[in-house]
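Subject: the model I promised you

Hi,

Here is the structure I said I would send over. Have a look at it first, and then read on for my notes.

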Amino acid sequence: MSVVRSVVRSVPAKQRAGGARGVTRALSSERLGLFSEVVIVSLAVGLLAAPAVTALPALAAGSQHLRRYISGESHAYRTLLRDFWSALRGGWLWALGSAAAFAAAAITLTNPLISVVPGGEPLRWVSAGIAAVGAIVLLRASAQWTPTARWGGLVREAAADATRDLRGSMLLLLALALSAMIVWMFAPLVVLVPGLLLFATRAVLSRADTTR
């Protein structure tokens, strides 16, 4: 502690004041506000997606909330809940199907008995690839959801966008891989994964819009 105090005292007063002001500006910056919003949305989406079958509507509602926040529109959390209910009511079949598909992929990837089945290891890789592609398409579809949209059309459009914008799809694949690594390193950070994926998806869609 004495070493730290001596280093601080050796810094000129003006420089220390400027550093303090810099920290204050950083703490009050829009970036910190956006990070806080991403964390809060991540927690909200995680709670709404807890039953698993509600994951897709929760992602759609969370993505719309982030879009409104970034655009400077009204972003009350009661609107997020209304969006969630609307997305669930209009796409419960897609929500159920996607949850079942990802559950099957998770079983294939984690079940140790698969390795003793002939062709089991290639099946793991195929399942991982299908799950990654499905996650990219569904992330794009949930980010483009609106209360008047139909999920079937959204998924088809998202699949077409995923093939047209391969660079954006690779970025989303990287976001998925980093999220998996974060959870593997420290499991409790799973609560941040929904927000990080939603933010990455919004960034990819914004990038696609600006490059058109």
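Below is what I found, starting with the whole chain and then moving to the helix contacts and a few single residues.

**The chain as a whole**

Keep in mind that this is a predicted model. The protein chain has nine helices and zero strands, so the pattern along the sequence reads α-α-α-α-α-α-α-α-α. There are 212 residues in the protein chain, and 35% of them are buried. The accessible surface of the protein chain is about 12,900 Å², with 71% of that belonging to carbon and sulfur atoms. As for contacts between residues at least 6 apart in sequence, 63% join residues that are at least 24 apart.

**Helix 6 and its partners**

I spent most of my time on helix 6 (residues 120-143), so let me go through three of its contacts in turn.

Start with helix 4 (residues 55-71): its axis and that of helix 6 come within 8 Å and cross at roughly 50°. That angle makes helix 4 oblique to helix 6, and the crossing is right-handed. On the helix 4 side the contact is made by L56, L59, A60, S63 and Q64, and on the helix 6 side by L138, L139, S142 and A143. Sorted by class, the residues of this contact are six nonpolar, three polar and no charged.

Next comes helix 7 (residues 151-164), which packs against helix 6 at an angle of about 120°, with the axes 8 Å apart. How are these two oriented, then? Helix 6 is oblique to helix 7, because the angle falls outside the 65 to 115 degrees that count as roughly perpendicular and is not over 145. Here too the crossing is right-handed. Helix 6 brings I136, V137, L138, R140, A141 and S142 to the contact, and helix 7 brings W151, L154, V155, A158, A159, D161 and A162. By class that gives 10 nonpolar, one polar and two charged residues.

Then there is helix 8 (residues 166-185), whose axis comes within 10 Å of that of helix 6, at a crossing angle of roughly 110°. That angle lies within the 65 to 115 degree range, so helix 6 and helix 8 are roughly perpendicular to each other. The residues involved are A132, A135, I136, L139 and R140 from helix 6, and G168, S169, L172, L173 and L176 from helix 8. This contact divides into seven nonpolar, two polar and one charged.

If you flip between these views, keep an eye on L139 of helix 6: it takes part in the contact with helix 4 and also in the one with helix 8. L138 of helix 6 appears in the contact with helix 4 and again in the one with helix 7.

While you are on helix 6, look at G129, which is placed in that helix. G129 has a relative accessible area of 33%, so it counts as partly exposed. Its C-alpha atom is 9.7 Å from that of A105, a residue 24 places away along the chain.

**A few single residues**

D83 sits in helix 5 (residues 77-110). Is D83 buried or exposed? Its relative accessibility is 7%, so D83 counts as buried. Leaving out residues up to four places away in sequence, D83 touches A61, Q64, R68, W145 and P147. Q64 is also one of the helix 4 residues in the contact with helix 6.

P194 belongs to helix 9 (residues 193-211). With a relative accessible area of 16%, P194 is buried, because the cut-off is 20%. Not counting residues up to four places away in sequence, P194 touches S42, V45 and G46. The C-alpha atoms of P194 and G62 are 8.6 Å apart, although 132 residues separate the two along the chain.

Last, please check A52, in the loop between helix 3 (30-48) and helix 4. A52 has a positive phi of about 75° and is not a glycine. Most residues other than glycine have a negative phi, which is why I picked this one out. A52 is partly exposed, at 44% relative accessibility.

Cheers

Key: Residues numbered from 1 in each chain as written. Predicted model: local features only at pLDDT ≥ 70, side-chain atom pairs only at ≥ 80, totals over all residues. Heavy atoms only, no water. Helix = DSSP H or I, 4+ residues; strand = E, 2+ residues; numbered from the N terminus. Buried < 20%, exposed > 50% of the residue type's maximum accessible area, 1.4 Å probe, protein only. Contact = heavy atoms within 4.5 Å. Axes fitted to C-alpha atoms, helices over the stretch in contact; angles between N-to-C directions. Parallel < 35°, antiparallel > 145°, perpendicular 65-115°, else oblique. Left-handed = near helix turned anticlockwise from the far one by under 90°. Nonpolar A, V, L, I, M, F, W, Y, C, P; charged D, E, K, R; others polar. Areas by Shrake-Rupley, 256 points an atom, 1.4 Å probe, with all protein chains shown as cover.
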